Amino acid sequence: MHIVVCIKQVPDSAQIRVHPVTNTIMRQGVPAIVNPYDLFALEEALRLKDKFGGKVTVICMGPPQAEDALKKCISFGADDAVLVTDRSFAGADTLATSYALAAAVRQLGREQKVDIVFTGKQTIDGDTAQVGPGIAKRLGLQLLTYVSRIADLDLEHDSITVERRAEGGVQVLKTAVPCLITMLEGTNEMRFAPLENMIHAARYPVRKWNKEAAGIEDVTKIGLKGSPTVVSKVFGPTPRAEKALMQSVEDATPRDVALNVIQKIFTQHPTLERDILAKAAV
Amino acid sequence: MSEAEPKKPAARGGRNLELPEHLKAYKGVWVFIEHDRGEAHSVSWELLGEGRKLADTLGVSLSGVIMGGPDEPLDAIAKEAYSFGAEACYIIRDPVLKGYRNEPFTKGMTDLVNKYQPEIVLLGATTMGRDLAGSVATTLATGLTADCTELRIDPATRALAATRPTFGGSLLCTIMTLAYRPQMATVRPRVMRMPDADTTRTGTIIEDSLGMIETDIVTKLLDFIADENSNKVNLAYADIIVSGGKGLKNPDNFKLIWDLAKVLGAEVGATRPVVQSGWVDAERQVGQTGKTVRPKLYIAAGISGAIQHRVGMEGADVIIAINTDPNAPIFDFAHHGIVGNAMQVLPVLTDTFREHIAMRSRKAA
């Protein structure tokens, strides 16, 4: 069995700071990590490999330094890693990204038939959840998004049964492999990488594919050129026209501050007070 | 608005940003009406409210798209769609459309778009809407903007200007699809205000067919296991929410949030870092990657107010913020700000609320 896991290297969003005056992102010193949602996909792939055998290949589109993210995945137990990197990919939106990644997955399939493609639910920097479905459509794979559990995999009959998170419940879906699964977060726990794996990963020769090696046929479909969406502006949030009524516990006792706030909100919003009293009466 | 670099979209990298002649025929605004077990998802009505404004600005019509099984109440859902502003509903009834599956829904939506050519298609950013939107946009090779917090028509280009948080929720960006049609966008539930229903409004049904049979479809829906409602947190529709952030320092201090919530009969919310630290369940997360809420009262304690959190709660009627830093961004959009340590202020606030409620209840009795 050959499983391909698509990952992305992202800035650790918890550490992103915005310059207060210029509203530009201060990237300096922000560590790059494997998109946390992708780790649930990788762990699920590794579990299938533990159970059924086979090979897990991790693939990533990004700048040369994204090699680190792939090595991290090797340390967790992935067998092979491919970095799809080319200057012409720059500025890609989700449509152009799914085109490039689909081409690269197809290329991997020429080396060894791919049974399952995994992606994370979404990334933490783009938060779109669009690339997974995009890859599936381009490769004609059955699409299973927001999968919370793989209930059954029958390789003899090329069939798979999963539980999929839906609004108000869980769908139980049975489909055929090859398929693409986007894995829901919190569904498993990433294993620890033993020291010997980390040493192996550090030395692992991650394969680097430019657009030709990735089998890109139509260069008008990648990068900025292949992106229908245009970012017209980036800006900071607007403060409310009326500033908050500020009080500080340095100027008054907390008790006075609390009394003051409660009195103000209930005077301005009598219905709110009625609602709270009604609830308290129950 | 504090824009960093106000710039017009420029044709970089040899990219065409003009709408080609053959796409100029695309007219009208569509909303995908999501329904499940006989009931439409309220996000669809919220989208019709927004779609109505967009259609009016453009001077075009607003339509709903409803797909489902022949035994599902699609006509009743269409009627409801008219009451929220749709003038027409495109309906595909087919047994294979009972229960959402990607393949038949993608085909149905894609065929309708190709046949009737709308310029804008909006979907809810739910597990169904996102699954469908990503598939349809790829099949049609057009632009899709996820999780928008504001939708407008750009006066210069008449294109959809879709604003969403970016960079993990630290800034906002406006995205347009200029040279492709339709322009697609998803919006999360509760981000847009629910429009008022006017049941006197009527509309037209346009029936279409899917052209697919069950044996064409590889994926089978074996079962649907409904969530148990008994212990479900209904944050999105709570009237009062007390939320805590990392300013509370540790899970023990977070109990102060529960104490205040109990007195107010409120739900408990939290920021992403709090959820990631495991202090509360993920279903209590408020913000871009959590729930969007519109309570009557939102109390934010130890929360700095990053955009990621802000977009999830700024629709609250009254926001009280408690933070030690007088320059915290939360004070830019709160109504009442208390500069102080949440661990010190919360217990006092809880007691004062409790006394106030007790006193007023006695008076009422």
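Colleague: How far apart are the mean positions of the positive and negative charges of chain A?
Modeller: This is a predicted model. Chain A carries 34 positive and 33 negative charges. The distance between their mean positions is 4 Å.

Colleague: What radius of gyration does chain A have, set against a compact globule of 282 residues?
Modeller: The domain assignment splits chain A into domain 1 (2–221) and domain 2 (239–282), and the C-alpha centres of these domains are 48 Å apart. Along the principal axes, the C-alpha atoms occupy a box of roughly 70 × 50 × 40 Å. A compact globule of 282 residues would come near 19 Å, whereas the radius of gyration of chain A is 24 Å.

Colleague: Is Asp127(A) buried or exposed?
Modeller: Asp127(A) is not a glycine, yet its phi is positive, about 55°. The residue sits in the loop between strand 8 (116–120) and helix 4 (131–139) of chain A. Buried means under 20% relative accessible area. Because its relative accessibility is 3%, Asp127(A) counts as buried.

Colleague: And Lys249(B), buried or exposed?
Modeller: Lys249(B) also has a positive phi, near 75°, in a residue other than glycine. Its loop runs between strand 14 (240–244) and helix 5 (251–264) of chain B. The cut-off for exposed is over 50%. Lys249(B) has a relative accessible area of 62%, so it is exposed.

Colleague: Which residue does a cis peptide bond join to Arg181(B)?
Modeller: Omega of this bond is about -5°. The partner is found in the loop between strand 10 (171–177) and strand 11 (183–187) of chain B. The residue joined to Arg181(B) is Pro182(B).

Note on methods. Residues numbered from 1 in each chain as written. Chains lettered and ligands numbered in written order. Predicted model: local features only at pLDDT ≥ 70, side-chain atom pairs only at ≥ 80, totals over all residues. Heavy atoms only, no water. Domains from an automatic or database assignment. Rg over C-alpha atoms; globule rule 2.2 N^0.38 Å. Lys, Arg positive; Asp, Glu negative; His and termini not counted. Charge placed at Lys NZ, Arg CZ, Asp CG, Glu CD. Helix = DSSP H or I, 4+ residues; strand = E, 2+ residues; numbered from the N terminus. Buried < 20%, exposed > 50% of the residue type's maximum accessible area, 1.4 Å probe, protein only.
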